[in-house]
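Please work through the exercises below with the sequence and the structure open beside you. Each task is followed by a solution that proceeds step by step.

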Amino acid sequence: MIEKYMIGATWCSKCQALKKTAEDLGFIYIDTDEDCTNTVERYNVKALPTFIITDGGVPIKILEQPSTNEELLQFCNSLFV
């Protein structure tokens, strides 16, 4: 089962700028300050925002610190190439 996560924080301006697009693309938003699922530790997140696409809980694609919505869209579209 494919799952998509956006790891971000309310204090991160890049995270807030990309959050709406990420949600429109089906990403589940996880705030690092409120992460009770240990997703940050499980996927060893080191930068914000981080986008992770998993298949059965195994990361198949990771994008760290994209600067634009276009970069996020390209990341998602590259799955289907």
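The exercises that follow concern a predicted model, and they go from the sheet to its helices, then to the core and to two single residues.

**Exercise 1. Determine the order of the strands in the open sheet, and explain why one side of β2 and of β4 is left without a neighbour.**

Solution. Begin with the order, which across the 4 strands of this open sheet reads β2-β1-β3-β4, with mixed pairing. Next, look at the edges: β2 and β4 (58-64) stand there with a single partner strand each, so one side of each has no neighbour in the sheet. Finally, the twist from one strand to the next averages 25°.

**Exercise 2. Describe how β1 pairs with β2 and how β1 pairs with β3.**

Solution. Take β2 to start with: strand β1 (residues 2-8) and strand β2 (residues 28-31) run parallel and are joined by 4 bridges, and within this pair M6 stands opposite Y29 of β2. Then turn to β3, with which β1 pairs in the antiparallel sense over 6 bridges; here K4 has I53 in β3 as its bridge partner.

**Exercise 3. Place helices α1 and α3 relative to the sheet.**

Solution. Helix α1 packs on the sheet, where it touches β1, β2 and β3, and its direction makes about 160° with that of β1. Together with β1 and β2, helix α1 (residues 13-24) makes a right-handed β-α-β unit. Helix α3, for its part, lies across β3 and β4 and runs at about 155° to β4.

**Exercise 4. Identify which residues of the largest nonpolar core touch the most other members, and which elements give two or more residues to this core.**

Solution. The largest nonpolar core has 22 residues, of which M6, I7, F27, F51, L72 and F75 touch the most other members. Two or more residues come from each of β1, α1, β2, β3 and α3 (69-77). As background, nonpolar side chains in soluble globular proteins tend to be buried together. To follow one core member further, leave aside the neighbours of I7 within four places in sequence; I7 is then in contact with I30, T32, T39, V40, V45, L48, P49, T50 and I52.

**Exercise 5. Decide whether T54 is buried or exposed, and list its contacts beyond its neighbours within four places in sequence.**

Solution. Locate T54 in strand β3 (residues 50-55). The relative accessible area of T54 is 0%, and because buried means under 20%, T54 is buried. Once its neighbours within four places in sequence are left aside, T54 is in contact with M1, I2, E3, Y5, Y43, P59 and I60.

Conventions: Residues numbered from 1 in each chain as written. Predicted model: local features only at pLDDT ≥ 70, side-chain atom pairs only at ≥ 80, totals over all residues. Heavy atoms only, no water. Buried < 20%, exposed > 50% of the residue type's maximum accessible area, 1.4 Å probe, protein only. Contact = heavy atoms within 4.5 Å. Pairing = 2+ DSSP bridges. Right-handed = clockwise from strand over helix to strand, strands pointing away. Core = buried A, V, L, I, M, F, W, Y, C linked by side-chain atoms within 4.5 Å. Axes fitted to C-alpha atoms, helices over the stretch in contact; angles between N-to-C directions.
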